[in-house]
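Student: I would like to go through this structure and ask what lies behind the terms used for it.
Tutor: Then ask about each term in turn.

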Amino acid sequence: VVAVYGTLSDLLSVASNKLGIKATSVYNGKGGLIDDIALIRDDDVLFVCEGEPFIDPQTDVKFHEELTGSHTDWLTLNVGGRYFTTTRSTLVNKEPDSMLAHMFKDKDAWGNKQDHRGAFLIDRSPEYFEPILNYLRHGQLIVNDGINLLGVLEEARFFGIDSLIEHLEVAIKNSQPAEDHSPISRKEFVRFLLATPTKSELRCQGLNFSGADLSRLDLRYINFKMANLSRCNLAHANLCCANLERADLSGSVLDCANLQGVKMLCSNAEGASLKGCNFEDPSGLKANLEGANLKGVDMEGSQMTGINLRVATLKNAKLKNCNLRGATLAGTDLENCDLSGCDLQEANLRGSNVKGAIFEEMLTPLHMSQSVR
């Protein structure tokens, strides 16, 4: 029962929403086509359709099928307790090879069970079935807000609606939020740290912290492998035994950071500031910066006893007053480095490039072998 008001288009819109079809025509009880809403009287019984010719429900539908040679008889489906009224042709013509088409192409071919009202029973989700039925009616994928597209996709696969499956897969892909590559803020990371047990391994591999303020945080043993830490403030941070392998630390500030036993193999710290850092682990665990890019870094006053800087690049770096006692500098590029005031006792400089390097005011005399370039 509906209130009739407005225009004929308004009535068709109301009928479409209530019946779940795309109503295009309105007939009176005698099959007369109504083209003006003013012709409708109170208590009239109206019939709407999607363009099919009028069929008097009081006549023999089977006779009409035999006369027209088509499957246009109306069916009622009970899908998960919800009733849908449609035509046999809707279920058959759009996807003739689908399960629904095989179920209703020939009457009783599948021995379809019916409820007490004569509706065909289908044990599936009604909310996911509705978009499928509408697609079979007009060929458009229309899904109401709040309906999970994945659920509709599973129903489409179950019923074998192949052409709809492709539409749904595209719609699901387009509905996915774009990947968020924005940097992680200090507030977000601190919340993450607080929610993680101290004994759990914290993996931040490949994450983007670019420009973040991580100063004075306890970052011990965290895996920052291949993470983006460029232009970060890590001053006074505790990075003891942290894994910074292949991480990007370019332009970052790590002044006075604790880097005991840190792993920085092949990391990029070009232009970073590491003044007054402590790489020296009393337990004997040595910091490993092998192959790191340390061009132009400022490491003045850092404690680097036993550090591994093998084949690292330290061109134009400031290493003034650093403790490099027993450091491995084999094959290291020290071109134009300021090493004045450094303790290089027992340091291995074999094969290193010291062209233009400054060694004045060293705490311990350096005896370079011929292998030093």
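**Terms and reasons**

Tutor: Along its sequence the protein follows the pattern α-β-β-α-β-β-α-α-β-α-α-α-α, which comes to eight helices and five strands. Keep in mind that this is a predicted model.

Student: How much of the protein is buried?
Tutor: Of its 373 residues, 42% are buried. The cut-off for that word is under 20% relative accessible area. The accessible surface of the protein is about 20,400 Å², and carbon and sulfur atoms hold 48% of that.

Student: What makes the span of helix 1 close to the expected one?
Tutor: Helix 1, residues 8-19, has twelve residues, and from its first C-alpha to its last it reaches 16 Å. At 1.5 Å a residue, 16 Å is also what is expected.

Student: Which residues of helix 1 are buried, and why are they said to be on the same side?
Tutor: The buried ones are Leu11, Leu12, Ala15 and Ser16. Because they cover an arc of only 140° around the axis, they lie on the same side of helix 1. In general, an α-helix has 3.6 residues a turn, so residues three or four places apart point the same way.

Student: What covers that buried side, and what is on the face turned away from it?
Tutor: The cover includes strand 1 (25-27) and strand 2 (47-49). The face turned away carries Ser9, Asn17 and Lys18, which are exposed. After helix 1 comes Gly20, with a positive phi near 70°.

Student: What makes the pair Arg157 and Glu154 a salt bridge?
Tutor: Their closest N and O atoms are 3.0 Å apart. The cut-off is 4 Å, so the pair counts as a salt bridge. Both residues lie in helix 6 (residues 149-159), three residues apart, or about one turn of the helix.

Student: Why is Arg157 called partly exposed?
Tutor: Its relative accessibility is 41%. Partly exposed is the range between under 20%, which is buried, and over 50%, which is exposed, so Arg157 belongs there. Glu154, at 43%, is partly exposed too.

Student: How do you know that Asp213 and Arg186 also form a salt bridge, and what does the pair tie together?
Tutor: The closest N and O atoms of Asp213 and Arg186 are 3.7 Å apart, and with a cut-off of 4 Å the pair therefore qualifies. Arg186 is in helix 8 (186-194) and Asp213 in the segment after it, so the pair ties together parts 27 residues apart in sequence. Asp213 has 34% relative accessibility and is partly exposed; Arg186, at 29%, is partly exposed as well.

Student: Which other side chains meet in this way, and which residues form a network?
Tutor: Arg220 and Asp218 meet in a salt bridge at 2.7 Å, N to O. A network of salt bridges that share partners joins Glu154, Arg157 and Glu169. The count of salt bridges comes to nine.

Student: What makes a group of residues a nonpolar core, and how many residues has the largest one?
Tutor: The residues must be buried, of nonpolar kinds such as Leu and Phe, and joined through side-chain atoms within 4.5 Å. The largest core has 57 residues, and among those with the most contacts inside it are Leu219, Phe279 and Leu324. A second, separate core has 26 residues, including Leu75 and Tyr128.

Methods:
Residues numbered from 1 in each chain as written. Predicted model: local features only at pLDDT ≥ 70, side-chain atom pairs only at ≥ 80, totals over all residues. Heavy atoms only, no water. Buried < 20%, exposed > 50% of the residue type's maximum accessible area, 1.4 Å probe, protein only. Helix = DSSP H or I, 4+ residues; strand = E, 2+ residues; numbered from the N terminus. Areas by Shrake-Rupley, 256 points an atom, 1.4 Å probe, with all protein chains shown as cover. Expected span 1.5 Å × (residues − 1). Arc of directions from axis to C-beta. Contact = heavy atoms within 4.5 Å. Salt bridge = Lys/Arg side-chain N within 4 Å of Asp/Glu carboxyl O.
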